[in-house]
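Q: Could you walk me through the terms people use for a model like this one, and what stands behind each of them?

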Amino acid sequence: MNGRLPIDLLVSALLRRANDAGGMAMVLAKGDSQAGSILLILNDKGRFSGMLEQGRDLDGRIALVSAGPPDTSLPDEVTSYWQRRRARDPDLWVIDLDIPSAQRFAAETIAQH
């Protein structure tokens, strides 16, 4: 056992925590329940604030790193980006998270596990 929680449990916890905090999280694409990774589309009251991807830091711990196209001022660019990523990686989970301080919220939920 590697001590890593299955991705579907992390996603479920993220969805529940967002709802409990008065925010919203929606699964745009489901990946592999055990070995998938997560791409988060971050919003605050419907305003896009960035994208984060699950990765590893230099010590091998789970971390969230910045992701996405350089110019995300157009909603179509964000959608095109995650759809291209998903086409190349069918194990990728794509989550739309709309909550104040979305980056901090995601780190508290995902990077801690």
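Q: What makes the 19 residues a nonpolar core, and which of them touch the most other members?
A: A nonpolar core is a set of buried Ala, Val, Leu, Ile, Met, Phe, Trp, Tyr and Cys residues joined through side-chain atoms within 4.5 Å. In the largest one, with 19 residues, Leu14, Ile38, Leu40, Ile95 and Leu97 touch the most other members. Helix H1 (7-20), strand E2 (37-44), strand E5 (92-98) and helix H3 (102-111) each put in at least two residues, and H1 gives the most, with five. There's also a second, separate core of 10 residues, with Ile41, Met51, Tyr81 and Val94 among them.

Q: Before we go on, what sort of model is this, and how is it numbered and filtered?
A: It's a predicted model, where local features need pLDDT of at least 70, side-chain atom pairs count only at pLDDT 80 or more, and totals for chains, interfaces and linings use all residues. Residues are numbered from 1 along each chain as its sequence is written, and side-chain values use heavy atoms, with hydrogens and water left out.

Q: Which residues does isoleucine 38 touch, not counting residues up to four places away in sequence?
A: With contact meaning heavy atoms within 4.5 Å, the list for isoleucine 38 is Ile7, Leu10, Val11, Leu52, Glu53, Gln54, Leu92, Trp93, Ile95 and Ile110.

Q: Why is valine 78 called buried?
A: Buried means under 20% relative accessible area (exposed is over 50%, partly exposed in between; 1.4 Å probe, protein chains only). Valine 78 is at 7%, so buried is the right word. This valine 78 is found in helix H2 (residues 75-88).

Q: What makes E3 and E4 a pair?
A: Two strands pair if DSSP finds at least two bridges between them. Strand E3 (residues 47-56) and strand E4 (residues 62-67) are joined by six and run antiparallel. Arginine 56, for one, has isoleucine 62 in E4 as its bridge partner. Five residues lie between the strands of this hairpin, where glycine 60 takes a positive phi near 85°.

Q: How many helices and strands does the chain have?
A: Helices (H or I, at least four residues) and strands (E, at least two) are DSSP runs, numbered from the N terminus. The chain has three helices and five strands, in the order α-β-β-β-β-α-β-α.

Q: Why is the chain called as compact as a globular protein of that length?
A: The globule rule is 2.2 Å times the number of residues to the power 0.38, and the radius of gyration is taken over C-alpha atoms. For 113 residues the rule gives 13 Å, and the chain's radius of gyration is 13 Å, close to that, so the description holds.
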